[in-house]
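Trainee: I would like to learn how to read a protein model together with its ligand. Could we go through one step by step?

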Amino acid sequence: MSTHATLSGLRIVVSAGPTYEDIDPVRFIGNRSSGKMGFAIAQAAARRGAQVVLVAGPVSLPTPDGVQRLDVRSAAQMHEAVLAQLPADVYVGAAAVADFAPAHPAGSKIKKQAGQDTLTLTLVRTRDILADIASHAQRPRLVVGFAAETDHVEAYARGKLENKRLDLIAANRVGVAGSGFESDDNTLNVYAATGDSKVLGPAPKTELADALLDLVAQSLSRH
Ligand code: C5P
């Protein structure tokens, strides 16, 4: 499945896992994400000789060998940590970043009041790490995004590819057995800005990571 093209000499930044946006000191809003896909990509890239920085949200996964890991919690922290890693040759945004965060996190635990039936939270948009990286003055040569979709996979993925000015986007269908968030296996539909597309898998995320890196190496050689 994979030709294992070398990535020696390249600096690759990978984001992985969810972000947690605090509501108060004991509660948060987060996305479902195990971090497995991003960790597999970081590991595979390091094995191919790349210098890899892995910016990880809160996950319980061991650090892959030869990878520099930076742990963060919130979308704002991930944004700062990722941008601080520029310049880089490749950015792979595999993290499931929260799109909204509580506008005013409470400093102490929010208590329910007698007779209270509802609680209203005001959320504000987080900054889009991937879009900011792709439009940065120090834009990596290759910017790769992920899209988790329940339906209209190709249309939404191609929309993101264009809007966020990406080179590649790997879309997976969530809500189907053997695919998506906590699963070890996945199927990726990869769309390129050149118009090309390719289906990777179904396969274990470790194999998909290698197949995706072959596409990365191929795209870099054409740049
Ligand atoms: O727009 P959507 O969140 O579906 O796009 C998913 C892609 O965008 C993923 O690659 C994710 O890492 C990235 N993203 C980001 N910053 C955000 C939201 C999403 O980098 N605030």
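Mentor: Happily! This is a predicted model, and the protein chain in it has 5 helices and 12 strands.

Trainee: How compact is the protein chain for 223 residues?

Mentor: Compare the radius of gyration with what the globule rule gives. Here the protein chain has a radius of gyration of 18 Å, close to the 17 Å from the rule for 223 residues, so it is as compact as a globular protein of that length. For the dimensions, the C-alpha trace spans about 65 × 35 × 30 Å along its principal axes.

Trainee: Now the ligand. Where does the ligand sit?

Mentor: Its place is the largest pocket. Two elements each give two or more residues to the shell around it, namely helix α3 (129-134) and strand β9 (142-149).

Trainee: Which residues come nearest to the ligand?

Mentor: There are 13 residues around the ligand, and G93, A95, L130, F146 and K160 come nearest. Sorted by class, the shell holds 5 nonpolar, 3 polar and 5 charged residues.

Trainee: Which polar contacts should I look at?

Mentor: Look for pairs of N or O atoms within 3.5 Å. A95 offers one: a backbone N or O atom of this residue lies 2.7 Å from an oxygen atom of the ligand. R127 also uses a backbone N or O atom, which is 2.9 Å from a nitrogen atom of the ligand. With K164 the side chain takes part, as one of its N or O atoms is 3.0 Å from a ligand oxygen atom.

Trainee: And how much of the ligand's accessible area does the protein cover?

Mentor: On its own the ligand has 450 Å² of accessible area, and the protein covers 87% of that.

Trainee: Let's turn to the backbone. Which residues does a cis peptide bond join, and what is omega there?

Mentor: Omega is the angle to check. L86 and P87 are joined by a cis peptide bond with omega of about 0 degrees. P87 belongs to the loop between α2 (75-83) and β6 (90-93). Another cis peptide bond runs from G201 to P202, with omega near 5 degrees. P202 is part of strand β12, residues 197-204.

Trainee: What is the phi of H152?

Mentor: The phi of H152 is positive, about 45 degrees, although this residue is not a glycine. You will find H152 in the loop between β9 and α4 (153-163).

Notes
Residues are numbered from 1 along each chain as its sequence is written. This is a predicted model: local features need pLDDT of at least 70, side-chain atom pairs count only at pLDDT 80 or more; totals for chains, interfaces and linings use all residues. Side-chain values use heavy atoms; hydrogens and water are left out. A residue is near a molecule or strand if one of its heavy atoms lies within 4 Å of it. A polar contact is a pair of N or O atoms within 3.5 Å; within protein, one must be able to donate a hydrogen and the other to accept it, and residues adjacent in sequence count only if both atoms are side-chain atoms. Accessible areas come from the Shrake-Rupley method with a 1.4 Å probe; for residues, only the protein chains shown count as cover. On a 1 Å grid over the protein atoms alone, a cavity is a set of points where a 1.4 Å probe fits but cannot get out, and a pocket is an open set with protein on both sides within 12 Å along at least five of seven lines; lining residues have an atom within 4 Å of a point. A molecule sits in a cavity or pocket if more than half of its atoms lie within 2 Å of its grid points. Helices (H or I, at least four residues) and strands (E, at least two) are DSSP runs, numbered from the N terminus. Ala, Val, Leu, Ile, Met, Phe, Trp, Tyr, Cys and Pro count as nonpolar, Asp, Glu, Lys and Arg as charged, and the others, Gly among them, as polar. The radius of gyration is taken over C-alpha atoms; the globule rule is 2.2 Å times the number of residues to the power 0.38.
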